[in-house]
Amino acid sequence: MRPFPQLLDAAAAQAGHRCAGQVLGVRLAALGCRLVGLDPDLREQRRRLLVYVEIDRCATDAISTVTGCRLGRRTLKFVDFGKMAATFVDGAALEACGEAPGVRIAAREDSREAAARYAPGAPSPEEAQLEAYAVMPDDELFTVERVVVPVPTADRPGRPRRRVFCAACGERVNDSREVARPTGGVLCLACAGGAYYRAAPSATPVGVGVVVGD
């Protein structure tokens, strides 16, 4: 695996800036990969790696950069818990038993206070964290828990296992994200009442596949 400074440079280049969250994400990702015994710089090992991230912050971008895991490859999974934590899974066992061993790593809340000891001359708490997180021991930054993660077939990397069409909107739904109707047929999650959006007032179709409001 590449040295920490190279990993941090890559994360900062991808994000366009350098911050404490990226340092924490790089450290977290490097530790996770070591503990599951996979080197993401080796293509065959990277393909076995699945990462579940629990927050949508800078650390997640850094984790993705270090591991090579991506949402589009279905190797990066976002679980919206709002926690600075991630779980690293070796997916080699999935075909045999449907679940895989891994480690869940979470940032320690007291690492913020500990940062001041490692960067006493920093001009601000943010600068102290940026400096300290690069050098603090792993056990002062993180807690580690051994876990087993069930990964349904529909959530695994690869081509879609299933494609259906929503009976209400007609849009295609991949990978078993549909909801069965008691009367037959299926609905997408949005039409079943789980939409994160709503139609704008007096929405009028314009052209093909485009809907705009007033």
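Axes here are lines fitted to C-alpha atoms, for helices over the stretch in contact, and angles run from 0 to 180 degrees between N-to-C directions. The exercises below concern a predicted model.

**Exercise 1. Determine how helix H1 is placed against helix H4, and which residues form the contact.**

Solution.

Step 1. Two packed helices are described by the angle between their axes and the distance between the axes. The axes of H1 and H4 (residues 58-67) come within 9 Å and cross at roughly 125 degrees.

Step 2. Angles over 145 degrees count as roughly antiparallel and those of 65 to 115 as roughly perpendicular. The angle therefore makes H1 oblique to H4. The handedness of this crossing is right-handed.

Step 3. On the H1 side the contact is made by Leu7, Ala10, Ala11 and Gln14, which meet Ala62, Thr65 and Val66 of H4. Sorted by class, this contact has five nonpolar, two polar and no charged residues.

**Exercise 2. Is H4 mostly covered or mostly uncovered, and what lies over its buried residues?**

Solution.

Step 1. A residue is buried when its relative accessible area is under 20%. Eight of the 10 residues of H4 are buried, and the helix is mostly covered.

Step 2. The buried residues are Ala59, Thr60, Ala62, Ile63, Ser64, Thr65, Val66 and Thr67. Ala62, Thr65 and Val66 also appear in the contact with H1.

Step 3. The cover over these residues includes the helices H1, H2 and H3 (43-46), together with the strands E1 (49-53), E2 (76-78) and E3 (85-90).

Step 4. After the helix comes Gly68, which has a positive phi near 80 degrees.

**Exercise 3. Describe the crossing of H1 with H2 and the composition of their contact.**

Solution.

Step 1. H1 spans residues 4-15 and H2 spans residues 20-36; their axes come within 10 Å and cross at roughly 130 degrees. H1 is therefore oblique to H2.

Step 2. H1 passes H2 with a right-handed crossing.

Step 3. Phe4, Leu7, Leu8, Ala11, Ala12 and Ala15 of H1 touch Gln22, Val23, Val26 and Arg27 of H2. This contact has eight nonpolar residues, one polar residue and one charged residue.

Step 4. Leu7 and Ala11 of H1 take part in the contact with H2, and Leu7 and Ala11 also meet H4. An α-helix has 3.6 residues a turn, so residues three or four places apart point the same way.

**Exercise 4. How many salt bridges does the structure hold, and which parts does the pair of Arg162 and Glu178 tie together?**

Solution.

Step 1. Side chains of opposite charge can pair when their charged atoms come close. The structure holds 15 salt bridges.

Step 2. The side chains of Arg162 and Glu178 form one of them, at 2.6 Å from N to O. Arg162 lies in the loop between strand E5 (142-150) and strand E6 (163-165), and Glu178 lies in the loop between strand E7 (172-174) and strand E8 (179-180), so the pair ties together parts that are 16 residues apart in sequence.

Step 3. Arg162 is partly exposed, with a relative accessible area of 37%, whereas Glu178, at 17%, counts as buried.

Step 4. A network also exists: salt bridges with shared partners join Arg27, Arg34 and Asp138. Arg27 belongs to the H2 side of the contact with H1.

**Exercise 5. State the N to O distance for the pair of Asp9 and Arg18, and classify the accessibility of each residue.**

Solution.

Step 1. Asp9 and Arg18 meet through their side chains in a salt bridge at 2.8 Å, N to O.

Step 2. Asp9 is partly exposed because its relative accessibility is 43%. Arg18, at 41%, also counts as partly exposed.

Conventions
Residues numbered from 1 in each chain as written. Predicted model: local features only at pLDDT ≥ 70, side-chain atom pairs only at ≥ 80, totals over all residues. Heavy atoms only, no water. Helix = DSSP H or I, 4+ residues; strand = E, 2+ residues; numbered from the N terminus. Parallel < 35°, antiparallel > 145°, perpendicular 65-115°, else oblique. Left-handed = near helix turned anticlockwise from the far one by under 90°. Contact = heavy atoms within 4.5 Å. Nonpolar A, V, L, I, M, F, W, Y, C, P; charged D, E, K, R; others polar. Salt bridge = Lys/Arg side-chain N within 4 Å of Asp/Glu carboxyl O. Buried < 20%, exposed > 50% of the residue type's maximum accessible area, 1.4 Å probe, protein only.
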